[in-house]
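Colleague: I should like to understand how the descriptive terms for this model are justified. May we go through them one at a time?

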Amino acid sequence: MSHAKFNYQSLAELQQDIEKRGLAIPIAATVDIVRQPITIGSKTIPNRLSILPMEGCDGTADGKPDELTVRRYNRFAQGGAGLLWFEATAVVHEGRANPRQLQINELTKDSLKAMLEESLQAARTAGHERPFTILQLTHSGRNSRPDGSPRQVIAARAAHLEDKLVEGYHMITDQELKELEDTYVHAAEMAAEAGFDAVDIKSSHGYLLAELLMAHTREGIYGGSFENRTRLLCNIVEKIKSKVGDKLVLAVRLGAYDSVPGGWGTDENDYRKPDLTEPVKLIKILNRKGVALFNISAGNPYYNPHVTRPYDAGSYLPPTHPLEQVSLLLNAARELQAAVPDAIVMGSGLTWLRQYAPYVAAGCIEAKWMKLAGFGRQAFAYPDFAQDILKTGNLDTSKLCLACSKCTAIMRDGGRSGCVPRDAQVYAPIYRQGREGKPPYESDHVDEHV
């Protein structure tokens, strides 16, 4: 077990530890490159810092944004990041991961549009250029809990998750998957009508589309061969491109490797090691079909959370030093960016690096490992992190994410998620209630002073 805590006293000390461990993590001397804009289609992303899709589990029962949802995106927009990747939004009710997950349909479209417009106004008021906006479309698959209890929709049996199956799970049929293709297309059309610049066809973290990528034992046209396992994702991309043309940029949040036995993108002799042969093949295909932007992630937060969000604290400690997972994530982005040099690849896994993350982000962009740097948990804790980096090149250590995973604990307890240490007035009561086993925090109003 790794009990190493983040305790680097300088950038040089971090560099020494990276070298001592034989890892590949580039560090830049300055952060100047993250201030550069980048063009995507007919639009411009004003800088290279991005907010990753961070789910708050705080929508309404019918899938609309609620007060805390709107508050979160207003804070993100005021924070100056060049790209706002709006969180997982279910394309069907039965695919919601929790009863408060956002959903896109005719009933919710106008509320999503209003949230987007308010966040863009917040950016203008703060003096920032208009950020590029993406709406993530999802089906939660075996992680679906639309009404609070598990209603698992699985694409394939998975040995490492057999003990997590509950009675009444549903093996999704080929016909249902085929119908989902058109459901995603309609969701994308509504996202365009709501004013988003792009949609993301989420294919990561063990959700439905990601599970299909490792569906080696599934029979029928969506399982077995590489062509079959990638069919749903490729068909959705083709159909959206055909339907909306250049009205939307297409993005995919892609899990590069699962780090599970028999998983996608994993070495057949050691599942802890990536083998990106198939992910490289897929990203090239998706790019040819019109996907212009990829965010690279990995792992399954329900099974091996340290893979996708390196950390060193909590009741479950990772088996490796967090720097090793940071290196794996960044190097996956490097390999996939090299495979599609004309596309924009966004890396992730930077938050654990705290105040030194901007220099690693800049180093990766300088080295052409990626073109954008994404921040997830850091944005929960420190929504104006981008503004501080852009203005001063530095981060305020009193605002940094501590990688304590309390935001995740809230989600597991059924509450609305945010940063407990840094946004305590709102989220400390929610966290305490969840830890005490009380019903999820259901206050109708947010304190006007938060």
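Colleague: Why are helix 14 and helix 15 called oblique to each other?

Modeller: This is a predicted model. In it, the axes of helix 14 (residues 406–413) and helix 15 (residues 424–435) cross at roughly 55°. Angles under 35 degrees count as roughly parallel, and 65 to 115 as roughly perpendicular. The crossing angle of roughly 55° belongs to neither range, and the two helices are therefore oblique to each other.

Colleague: What else describes the way helix 14 passes helix 15?

Modeller: The crossing is left-handed, and the two axes come within 9 Å. In general, two packed helices are described by the angle between their axes and the distance between the axes.

Colleague: Which residues of helix 14 and helix 15 meet?

Modeller: From helix 14, K406, A409, I410 and D413 take part. Their counterparts in helix 15 are Y427, I430, Y431, G434 and R435. Contact here means heavy atoms within 4.5 Å.

Colleague: Let us turn to the strands. What makes strand 10 mostly covered?

Modeller: A residue is buried when its relative accessible area is under 20%. In strand 10 (residues 249–255), seven of seven residues are buried. Both faces are covered: V249, A251, R253 and G255 lie on one side, and L250, V252 and L254 on the other.

Colleague: How do you know that strand 10 pairs with strand 9 and with strand 11?

Modeller: Pairing requires at least two bridges between two strands. Strand 9 (residues 198–201) and strand 10 have three bridges, and strand 10 and strand 11 (residues 291–297) have six. Both pairings are in the parallel sense. A251 stands opposite D200 and also opposite L293 in strand 11. Between strand 10 and strand 11 the chain passes through helix 8 (residues 277–288), in a right-handed β-α-β crossover.

Colleague: What makes strand 11 and strand 12 a pair?

Modeller: Three bridges join strand 11 to strand 12, and the two run parallel. With at least two bridges required, they count as paired. N295 has M346 in strand 12 as its bridge partner.

Colleague: Are the residues pointing either way from strand 12 buried or exposed?

Modeller: I344 and M346 point one way, V345 and G347 the other, and all are buried.

Colleague: How many bridges link strand 12 with strand 13?

Modeller: Two, in the parallel sense, which meets the requirement of at least two. M346 stands opposite L372 in strand 13. Together with helix 11 (residues 357–366), strand 12 and strand 13 make a right-handed β-α-β unit.

How values were computed. Residues are numbered from 1 along each chain as its sequence is written. This is a predicted model: local features need pLDDT of at least 70, side-chain atom pairs count only at pLDDT 80 or more; totals for chains, interfaces and linings use all residues. Side-chain values use heavy atoms; hydrogens and water are left out. Buried means under 20% relative accessible area, exposed over 50%, partly exposed in between (1.4 Å probe, protein chains only). Helices (H or I, at least four residues) and strands (E, at least two) are DSSP runs, numbered from the N terminus. A crossover is right-handed if, with the strands pointing away from the viewer, the path from the first strand over the helix to the second runs clockwise. Axes are lines fitted to C-alpha atoms, for helices over the stretch in contact, and angles run from 0 to 180 degrees between N-to-C directions. Angles under 35 degrees count as roughly parallel, over 145 as roughly antiparallel, 65 to 115 as roughly perpendicular and the rest as oblique. A crossing is left-handed if the near helix is turned anticlockwise from the far one by less than a right angle, and right-handed if clockwise.
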